[in-house]
Amino acid sequence: MVCVSLACLGIESPALKKIKDEDYFILVGLINRCGRLMHSNVALSHEGKFGETTSILDRCIFESCVILGWLCRTSNDDRFNRYIANGLRTEIEFKAEIEKNIETRDKNQLKIEKRMLSSIDRCINDSGLSEEEISGTKKLPDLASMINATGKPRLQYLVGQRIGSHHVHGSWVSLGVHYLERDDSGIKGPRDHDCDTHVNQYVYIPLVVLDAMSAFCLFVFEDSADSKVLTDMLESIADEIFKINSEVIGDDFAGA
């Protein structure tokens, strides 16, 4: 609900700094993405199941939060263009392949190729960057570098990115957690649809999203008093999550 509220904050608001329209829309889009994917996870896990799928969505939410935090917490002048270009380089390569195939047929263009080229051109034109600018823009740093640049510990990268990637890519670890199980004789076979969404997922990802939204508020508001109202609210939500979590985990963090 907080994601939706912040995403709906209009760029015309007098409380906001003078931010380039396209840059602001990127931030709003990332916040909306986080909110919608969290909503999807609520729909999937309302009975506690679909742990294999919610883990994949959690990894996607985590990445969007890291990018959002990097855009809001770093001062690289070209950081928004780097984000845009990073997504469009694939489109430019795809366009070149389509055009090469057309050339091999003596410039005989298929209808599907015409549609695809039009779609790619619309996407590029909407970015505000030319193909030359996209190709010449510095590459986006990897997530580890983004996390480091925003002052977060290496542990966040390992937990959110590396471990989360098991579930996206279907690594051996992921198969063992969600898709295989041993029978009474020790033989492995396919696991049934009984994967719980782990209780930690209900805690860690919301905290990551809250932190990203705090970065957004600190970045976009002109008056620090305005941003403080919202960051205090976000902090209070985090406190409530910690209180609920302490009831669940008990003495997990006590000495062994």
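Two residues are in contact when heavy atoms of theirs lie within 4.5 Å. The exercises below apply to a predicted model.

**Exercise 1. Describe the overall make-up of the protein.**

Step 1. Start with the elements: the protein has eleven helices and two strands.

Step 2. Put them in order. From the N terminus the elements run α-α-α-α-α-α-α-α-α-β-β-α-α.

Step 3. Take the extent. The C-alpha trace spans about 70 × 60 × 30 Å along its principal axes.

Step 4. Turn to burial and contacts. Of the 256 residues, 38% count as buried. Among contacts with a separation of 6 or more, 67% are between residues 24 or more positions apart.

**Exercise 2. Find which residues have the most contacts inside the largest nonpolar core, and which helix gives the largest share of this core.**

Step 1. The largest nonpolar core holds 57 residues. Leu27, Leu71, Val209, Phe216 and Val220 have the most contacts inside it.

Step 2. List the contributors. Elements giving two or more residues to this core include H2 (21-45), H3 (51-73), H4 (79-104), H10 (201-220) and H11 (224-249).

Step 3. Compare the shares: H10 supplies the largest, with 13 residues.

Step 4. Look at one of the core residues. Apart from neighbours within four places in sequence, Leu71 is in contact with Ile26, Leu27, Leu30, Arg79, Phe80, Tyr83 and Phe219.

**Exercise 3. Determine how H3 and H2 are each oriented against H10.**

Step 1. Two packed helices are described by the angle between their axes and the distance between the axes.

Step 2. For H3 and H10, the axes come within 9 Å and cross at roughly 20 degrees. Angles under 35 degrees count as roughly parallel, so H3 is roughly parallel to H10.

Step 3. For H2 and H10, the axes are 11 Å apart and the angle is about 160 degrees. Angles over 145 degrees count as roughly antiparallel, so H2 is roughly antiparallel to H10.

Step 4. Add the handedness. The crossing of H3 and H10 is left-handed, and H2 also passes H10 in a left-handed crossing.

Step 5. Name the residues that meet. On the H2 side the contact is made by Tyr24, Leu27, Ile31, Cys34, Met38 and Ser45. Their counterparts in H10 are Tyr202, Pro206, Val209, Phe216, Phe219 and Val220. Where H3 meets H10, the H3 residues include Ile61, Phe62, Cys65, Leu68 and Leu71, and those of H10 include Val208, Val209, Ala212, Phe216 and Phe219.

**Exercise 4. Explain why Cys34 and Cys65 are not joined by a bond.**

Step 1. A disulfide is a covalent bond between the sulfur atoms of two cysteines. The cut-off applied here is a sulfur pair within 2.5 Å.

Step 2. The closest cysteine sulfur to that of Cys34 belongs to Cys65 and is 3.7 Å away, so the distance is too great for a bond.

Step 3. Check another cysteine. A search of the whole structure gives zero disulfides. Cys123 is in no disulfide either, and its nearest cysteine sulfur, in Cys60, is 19 Å away.

Step 4. Set the surroundings side by side. Cys34 is buried at 2% relative accessibility, while Cys123 is partly exposed, with a relative accessible area of 37%.

**Exercise 5. State whether Ser174 and Ser214 are buried or exposed, and what each touches.**

Step 1. Locate the residues. Ser174 lies in helix H9 (residues 172-179), and Ser214 lies in helix H10.

Step 2. Apply the cut-off. Buried means under 20% relative accessible area. Ser174 has 1%, so Ser174 is buried. Ser214 has 17%, so Ser214 is buried too.

Step 3. List the partners, leaving aside residues up to four places away in sequence. Ser174 touches His166, His167 and Tyr179. Ser214 is in contact with Thr231 and Leu234.

**Exercise 6. Place Phe50 and Asp106, each with a positive phi although not a glycine, in the chain.**

Step 1. Phe50 has a phi of about 60 degrees and sits in the loop between H2 and H3.

Step 2. Asp106 has a phi of about 55 degrees and belongs to the loop between H4 and H5.

Step 3. Grade the exposure. Phe50 is partly exposed, at a relative accessible area of 30%. Asp106 has 70% relative accessibility and counts as exposed.

How values were computed: Residues numbered from 1 in each chain as written. Predicted model: local features only at pLDDT ≥ 70, side-chain atom pairs only at ≥ 80, totals over all residues. Heavy atoms only, no water. Buried < 20%, exposed > 50% of the residue type's maximum accessible area, 1.4 Å probe, protein only. Core = buried A, V, L, I, M, F, W, Y, C linked by side-chain atoms within 4.5 Å. Helix = DSSP H or I, 4+ residues; strand = E, 2+ residues; numbered from the N terminus. Axes fitted to C-alpha atoms, helices over the stretch in contact; angles between N-to-C directions. Parallel < 35°, antiparallel > 145°, perpendicular 65-115°, else oblique. Left-handed = near helix turned anticlockwise from the far one by under 90°.
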